[in-house]
Amino acid sequence: MSDSDKRTISLPVLGEVSRRTALKAGGATLGLAAFAAAVSPLAGLRGRLSAQELMQRHYKELSADDKAKIFERLENEAKERYGADVKIKDPKAIPGVRYGYAINLSVCNGNGACMEACHRENNHDRSTNQSYIRVFEMPIGTTDFKHGDSTYTHDVPREGKYYLPVQCFQCENPPCVDVCPVEATWQEEDGIVVVDYNWCIGCRYCQAACPYHARRFNWKEPQIPAEEVNPDQGYLSNRIRPAGVVEKCHFCLHRTREGRQPACLEACPTGARIFGNLLDPESEIRTVLRTKRVFVLKEELGARPTLFYFFD
Amino acid sequence: MMRGRVLIPIVVLAALLLSIGLVRFMTSAGASPRSEFLAATMSTEAVPDETPRWLVEISLPDGRPRVVTDRVDSMGRAVTVSCASCHSNFDANTARRSSDEPPMAFHQGLTFQHGNLSCVTCHNPDDYNALRLADGTRIEYRDVMLSCAQCHAPQARDYERGLHGGMTGFWDRTKGPQKRKSCIDCHDPHAPKFPSMTPTFKPLDRFLEPTGPGD
């Protein structure tokens, strides 16, 4: 990298004190000052952007060469900020594969090992215990979240309750993709809805559009001790995400596109989770769809989730 | 390095062909019931596209059936004793149906809560190193899943289809192997109800516990 590349450029509206003062002194309207004050917390979100990051194009427009450079930059950043040696890869969708996931609510007992596995696998912020999964304790007889509780700490399972793990359903008709004003999120060939964390502008429209509360906004830079950083990272999946962008479950694509099971499935001590290829009639996931009583949440909305629930 | 990568699938393929051959041989020669149940789960099915698949590795119990006593060793670990070390000499109380009935004699560390079964429903009174099926057929300890499957047919069926008991490794067995547990890895055969658990991990959502500006 040349010296000119390393030079940092700060964005004009992001809380440069001198600029704000100049605006006020120049007789700017009260409205402008109020606007500057209102957006000033954003200054802390992204820090300073490098020129390369600022000029980075959309993922789909990147050549192999561009990607190599970007991945190298991200690996260096991880070393600088977290002291971790990571490897960023970009596995492609496997032709002839469309992923499906199913959760057996008859055996899920709400112990939450899936949430913790997701937390570690996907380099989530340690201070908030972030995870792409929430497990709701639900009264028997409803699937409405408003009756659910994700904060329980008592021993499980409880009489009269069932446990509903919720994560991104990788909808076939994803409402979150439709509303993104900059196409920073899209559906891949294998059905996984991904986010280019460097293209996302953090407007959070997708969060509002998702009927399942599956998306998360990074309020701050994640804190992870160097030895806990998972070095096996994908550009569109579990690399450490910057503050100020939206993220979501990606069916562990850095694992599943290599044929491995997602981290939450391997961690489940009750064997409630079934993952596989919906296009393979012999797969376990197809056997679930063929032989069990299967349902999806909020079917009437027409988003067509590919994460299913079933009872034995 | 490259040579190793090429060799592994070849070895697996060879093992697969060999096991298909073995199962055929065993069924034709009036094999033990084990081959029929476990063979179905051990990837010997015909694969239409001929792509070699990695095996499913099932953790089966090893050695002899043992019982937990009320003693602990110098490291604080529970002492276990092979059933046959006592019952080769004297008979078991075959009327016992639960550990709630006193006295438990040498089986102090054992919780026995499995329907209305007695010890010798599964243990073999003619040879305590082995088990037996309901019709009296002797089976080895490592084939314990056959014993479970006699009563728990829906679970056994789902296990065969990969829908019960979970797994680790690869969903795509053309790329790597899969590991699965046996019934008694998750269910204590003497008290098989899945135990109650304490949740150890909770995400802190901002409506639960604000931790700073913006949260």
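## A walk through chains A and B

Start by selecting the contact between the chains: 35 residues of chain A and 28 residues of chain B take part in it. Colour the chain B side by residue class and you get 11 nonpolar, 12 polar and five charged residues. Keep in mind that you are looking at a predicted model.

**Chain A as a whole**

Now hide chain B for a moment. Chain A has 312 residues, and 39% of them are buried. Its secondary structure amounts to 12 helices and 14 strands. Take the contacts in chain A between residues at least 6 apart in sequence: 65% of these link residues at least 24 apart.

**The four-stranded sheet**

Next, select β12, β4, β14 and β13 of chain A. Read in that order, the four strands make up an open sheet with mixed pairing. At the edges you'll find β12 and β13 (293–295) of chain A, each pairing on one side only. Going from one strand to the next, the twist averages 30°.

Zoom in on strand β4 of chain A, residues 99–104, and look at how it pairs with β12(A): the two run antiparallel, joined by five bridges. To find one of the pairs, click Y99(A), whose bridge partner in β12(A) is N277(A). Then turn to β14 of chain A, residues 307–311, which runs parallel to β4(A) and is joined to it by four bridges. Here A102(A) is the residue to click, with F308(A) opposite in β14(A).

Add helix α12 of chain A, residues 284–291. This helix packs on the sheet and touches β4, β12, β13 and β14 of chain A. Compare directions and you'll see about 110° between α12(A) and β12(A).

**Stop at F275(A)**

Stay with strand β12 of chain A, residues 273–277. Is this strand mostly covered or mostly open? Mostly covered: five of its five residues are buried. F275(A) sits in this strand, so let's use it as a closer example: it counts as buried because it has 24 C-beta neighbours inside 10 Å, and the cut-off for buried is 20 or more.

Which residues are in contact with F275(A), leaving aside neighbours within four places in sequence? Select Y101(A), Q261(A), P262(A), L265(A) and I285(A), then bring chain B back for W171(B). For a distance check, pick F251(A), 24 residues away along the chain: its C-alpha atom is 9.4 Å from that of F275(A).

**Helix α7 and its end**

Move on to helix α7 of chain A, which spans residues 113–121. Seven of its nine residues are buried, which leaves the helix mostly covered. Highlight C114(A), M115(A), E116(A), A117(A), C118(A), H119(A) and E121(A) to see the buried ones. Show β5 (134–139), β6 (161–166) and α11 (263–267) of chain A as well; they are among the elements covering those residues.

R120(A) is in this helix too, but it is partly exposed, with 18 other C-beta atoms within 10 Å. Draw a line from its C-alpha atom to that of V229(A): the separation is 7.8 Å, though the two residues are 109 apart along the chain.

After α7(A) comes N123(A), in the loop between α7 and β5 of chain A. Check its backbone: phi is positive, about 50°, although N123(A) is not a glycine. N123(A) is buried, with 24 other C-beta atoms within 10 Å.

**Two more loop stops**

Jump to the loop between β5 and β6 of chain A, where P157(A) lies. The peptide bond joining V156(A) and P157(A) is cis, with omega about -5°.

Then go to Q170(A), in the loop between β6 and α8 (175–179) of chain A. Its phi is positive as well, about 45°, and Q170(A) is not a glycine. What makes Q170(A) count as buried? Its 26 other C-beta atoms within 10 Å do.

**Finish in chain B**

For the last view, select β1, β7 and β6 of chain B. In that order they form an open sheet of three strands, with mixed pairing. The edges belong to β1 (56–58) and β6 (168–169) of chain B: each has a single partner strand, so one side of each has no neighbour in the sheet. Strand β7 of chain B, residues 178–180, pairs with β1(B) in the parallel sense over three bridges. Click I58(B) and look across to R180(B) in β7(B), which stands opposite.

How values were computed: Residues are numbered from 1 along each chain as its sequence is written. Chains are lettered from A and ligands numbered from 1 in the order in which they are written. This is a predicted model: local features need pLDDT of at least 70, side-chain atom pairs count only at pLDDT 80 or more; totals for chains, interfaces and linings use all residues. Two residues are in contact if their C-beta atoms, placed from the backbone, lie within 7 Å. Ala, Val, Leu, Ile, Met, Phe, Trp, Tyr, Cys and Pro count as nonpolar, Asp, Glu, Lys and Arg as charged, and the others, Gly among them, as polar. A residue is buried if 20 or more other C-beta atoms lie within 10 Å of its own, exposed if 12 or fewer, and partly exposed in between; C-beta atoms are placed from the backbone. Two strands pair if DSSP finds at least two bridges between them. Axes are lines fitted to C-alpha atoms, for helices over the stretch in contact, and angles run from 0 to 180 degrees between N-to-C directions.
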